[in-house]
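Here are a few short exercises to work through with the structure on screen. Try each one yourself before you read the solution.

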Amino acid sequence: MNQNQCPTCDSELDWQGHYQCTQCDVSFKKVGFCPDCEAELEKLQACGAANYFCNSCNELKSKSRVRFEFHKLDS
Ligand SMILES: [Zn+2]
Ligand SMILES: [Zn+2]
């Protein structure tokens, strides 16, 4: 299953330091949301693995439960 799809045109996003749709010529950032309280999660990079921390619940969230959205980057 491909999770990195453009929310506008459904084509696969390229990774270029950020996510980019070459069809729409739009850049996106991937934002994780807490599955429990819907707050935006903070991404913590540790030992090559990404962890997602909810400042609202004050705990780490399992990546498999995190809900991801692509948000347009302003250029
Ligand atoms: Zn697109
Ligand atoms: Zn939370």
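**Exercise 1.** Work out which spacing the donors of the zinc ion (ligand 2) follow along the chain.

*Solution.* Keep in mind that this is a predicted model. Along the chain, the donors of the zinc ion (ligand 2) follow the spacing C-x2-C-x16-C-x2-C. Now put names to them: Cys34, Cys37, Cys54 and Cys57 each coordinate the zinc ion (ligand 2) through SG, at 2.2 to 2.3 Å. Next, place two of them. Cys37 sits in the loop between strand 3 and strand 4 (42-46), while Cys54 belongs to strand 5 (residues 49-54), so this pair ties together parts that are 17 residues apart in sequence.

**Exercise 2.** Decide whether the arrangement around the zinc ion (ligand 2) is tetrahedral or irregular.

*Solution.* Start with the test: four donors count as tetrahedral if all angles lie between 85 and 135 degrees. The four donor atoms here subtend angles of 101 to 114 degrees, so the arrangement is tetrahedral. For reference, the ideal angle for four tetrahedral donors is 109.5 degrees.

**Exercise 3.** Sort Cys37 and Cys54 into buried, partly exposed or exposed.

*Solution.* Buried means under 20% relative accessible area, and exposed means over 50%. Cys54 has 0% relative accessibility, so Cys54 is buried. Cys37 comes out at 32%, so Cys37 is partly exposed.

**Exercise 4.** Find the residues of the largest nonpolar core.

*Solution.* There are seven: Cys6, Leu13, Tyr19, Cys21, Val26, Phe28 and Phe70. Strand 2 (19-21) and strand 3 (26-33) are the elements that give two or more residues to this core. Apart from this core lies another one, of five residues, including Leu41, Tyr52, Cys54 and Val66.

Methods
Residues numbered from 1 in each chain as written. Chains lettered and ligands numbered in written order. Predicted model: local features only at pLDDT ≥ 70, side-chain atom pairs only at ≥ 80, totals over all residues. Heavy atoms only, no water. Core = buried A, V, L, I, M, F, W, Y, C linked by side-chain atoms within 4.5 Å. Buried < 20%, exposed > 50% of the residue type's maximum accessible area, 1.4 Å probe, protein only. Helix = DSSP H or I, 4+ residues; strand = E, 2+ residues; numbered from the N terminus. Donors = N, O, S within 2.8 Å, 3.2 Å for Na, K, Ca; no water. Tetrahedral: all angles 85-135°; square planar, octahedral: opposite > 155°, others 65-115°.
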